[in-house]
Amino acid sequence: MTHYVIIGDGISGSSAAETLREEDPEANITVITDEGEPLYNRILIKEHAKGKLPEAPISIHDEGWYEERDIELSLNTHVTSIDTDERIVHTHERDDLEYDKLLVATGGTPTQLPVENSDADGIHHFWTFQDARGIKEHAEQSDRGVIVGAGLLGIDFAAVCGAQGIEADYLMRGDRWWRYALSNEGAEIMHEGMREVGVEPVFDSGVDRFEVDDDGHVVGAVDPNGERYDCDFAGVAIGLSFNTEFLRGAGLEEDNGLVVDEYMQTNVDDVYAAGDITRFYDVLLGEQAQNGSWGSAKEQGRIAAVNMAADDEAEEFEWVSSYSITHFDFPFLSFGHPTLGDEHAERKYSDTEWRRVAFKDGKIVGGVLIGDLSPQSKFKQLMREQREVADQAEVLLNKQVDLDDLE
Amino acid sequence: MNMASSELRSRQRRLEPVESVPPTATVRHVDQLDTETLDYFYDAVENGRALPADGATNLEVGEIIVFNGYVRVERA
Ligand SMILES: Cc1cc2nc3c(=O)[nH]c(=O)nc-3n(C[C@H](O)[C@H](O)[C@H](O)COP(=O)(O)OP(=O)(O)OC[C@H]3O[C@@H](n4cnc5c(N)ncnc54)[C@H](O)[C@@H]3O)c2cc1C
């Protein structure tokens, strides 16, 4: 009987466990997580922090879900190392575990700002449900906020401040929010959305140090220009560090993430990886890439499990990911790899509508839609079909996209 | 209206804005919808169009979807 061990009970690990049970009814399956609760909806915890969503609907699985499927769930268990020669997983809390096939689905941890007082009380990072509970509780009592990190996770802090009535300064290093994917015109729509909820974007800024009171609670942030911003609440979202420390010495190839092929196989026999942690071979892009999104992590877990159970390269990962921002009164959707590619086309349609399409070798590799999501499935279709359309960007920028207009 | 079309209508879905979420609700984020469902969903939000009957989307009656507002899937 095969023993599958899955490290991580986020959406990628959990989706793999579910698929493995379907594919291999007799197998032993163990899921290990260092969190204290089974799978929950990580992309809804921001709604809890905003004070809009109670806790219960955020939980996805209870412990009974694992029991019903005869999957062993090991909560509060931190994996400290793995021995890929002996096929053993070492943990802090329990006996060593032997595996036949291993899935690493450990995601990442928010990176701390390398500045003075960055671990002070009142400075938050956002990854777990526990983080969200702490953020909610503190946000409800706070008046002034500072946010650092001009990307997709930083904006969630802006939304929390907006929803919890905290007046905040959003300190950005460059001249706009998510400068790698948006031009000034696109970013300005987002800035306006922030201002409307009481969050002021501050450009060419950032944080040089935090100031604390005698109790060690944050009271201000000082930017590299020497400007000081009062705050009793701070949110830091400057990126993720992948959870790979326990893999040291295991012989797995890493390149800012675990390198896997399109079957989610690492370079070591019978060791697979899935979810945020992977740098996977993207068959549509034709190179290694990374996704940090729910749908992609879920699908990678499923694909890894199919291939683990088949003991073969049975199915490859082919996916166009999506990531929405739902905090403002206009929609926002980023798809594929909007920050990659060798050229792009973009257009502004109104004060709340803007579109960018990114191309590589003439093919769409990603894009951003603000205000009007109607072309999303057409762009994703063109990506899957790998059509060369960069020279017909006008058709893609028409307000109503009609694929029949493409030659 | 003939039987077939009234039956079809009764299987169609519409979206209703919700102000608060009870602890017993089933809630999903819009990023959990597949590409095709997102198309239908967006069309329903933007243009008030009914969602197709079961099977064409993976939306369940009663569930709440977190989008720019929260909306509940209802029988049309
Ligand atoms: C606040 C927030 C908002 C987001 N919003 C969106 C969104 O709107 N749309 C979207 O598509 N995506 C969003 N994401 C991203 C999305 O949540 C992730 O891409 C996805 O959850 C990744 O799943 P995963 O299974 O790869 O990793 P994770 O969910 O991070 O799971 C990894 C698990 O492994 C555990 N672990 C790590 N190391 C060890 C160890 N040594 N031993 C045992 N266990 C370990 C971790 O504790 C964790 O439980 C958001 C993320 C956050 C934090």
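A polar contact is a pair of N or O atoms within 3.5 Å; within protein, one atom must be able to donate a hydrogen and the other to accept it. In this predicted model, the side chain of Gln300(A) comes to 2.9 Å from the backbone nitrogen of Gly275(A). Gln300(A) belongs to helix α7 of chain A, which covers residues 294-310. Its relative accessible area is 1%, and because buried means under 20%, Gln300(A) is buried.

A second buried residue of chain A is found in another helix. Val395(A) sits in helix α9, residues 393-397, and has a relative accessible area of 12%, so Val395(A) also falls under the 20% limit for buried residues. Eleven residues separate Val395(A) from Leu406(A) in sequence, and their C-alpha atoms are 6.8 Å apart in space.

Charged pairs come next. Over all chains, the count of salt bridges is 35. In one of them, Lys101(A) pairs with Asp270(A), with 3.0 Å between the closest N and O atoms. Lys101(A) is part of strand β7 (residues 101-104), while Asp270(A) is in the loop between β18 (258-260) and β19 (271-273), so this salt bridge ties together parts of chain A that are 169 residues apart in sequence. How buried or exposed are the two partners, Lys101(A) and Asp270(A)? Lys101(A) is buried, at a relative accessible area of 7%, whereas Asp270(A) is partly exposed, at 22%.

Another salt bridge of chain A links Glu211(A) to Arg228(A), and here the closest N and O atoms are 2.5 Å apart. Glu211(A) comes from strand β13 (residues 209-212) and Arg228(A) from strand β15 (residues 228-230), so the pair ties together parts that are 17 residues apart in sequence. Glu211(A) has a relative accessibility of 23% and counts as partly exposed. Arg228(A) is partly exposed as well, with a relative accessible area of 39%.

Chain B has a salt bridge between the side chains of Arg72(B) and Glu74(B), at 3.4 Å from N to O. Arg72(B), at 26% relative accessibility, counts as partly exposed, and Glu74(B) is likewise partly exposed, at 22%. Back in chain A, the Lys101(A) and Asp270(A) pair belongs to a wider set: salt bridges with shared partners join Arg87(A), Lys101(A), Asp270(A) and Asp311(A) into one network.

Which residues gather in a patch of negative charge on the surface? They are Asp85(A), Glu86(A), Asp95(A), Asp96(A), Glu98(A) and Asp100(A). Residues enter such a patch if they have over 30% relative accessible area and no salt bridge. Asp85(A) has 70% relative accessibility, and because exposed means over 50%, Asp85(A) counts as exposed. Asp85(A) is placed in the loop between β4 (79-83) and β5 (88-91) of chain A.

Chain B can be followed by its elements. Its secondary structure consists of two helices and four strands, and from the N terminus on the order is α-β-β-α-β-β. Chain B has 76 residues, of which 41% count as buried.

Terms used
Residues numbered from 1 in each chain as written. Chains lettered and ligands numbered in written order. Predicted model: local features only at pLDDT ≥ 70, side-chain atom pairs only at ≥ 80, totals over all residues. Heavy atoms only, no water. Patch = residues over 30% accessible without salt bridge, like charges linked within 9 Å, V, L, I, M, F, W, Y side chains within 5 Å. Areas by Shrake-Rupley, 256 points an atom, 1.4 Å probe, with all protein chains shown as cover. Salt bridge = Lys/Arg side-chain N within 4 Å of Asp/Glu carboxyl O. Lys, Arg positive; Asp, Glu negative; His and termini not counted. Charge placed at Lys NZ, Arg CZ, Asp CG, Glu CD. Buried < 20%, exposed > 50% of the residue type's maximum accessible area, 1.4 Å probe, protein only.
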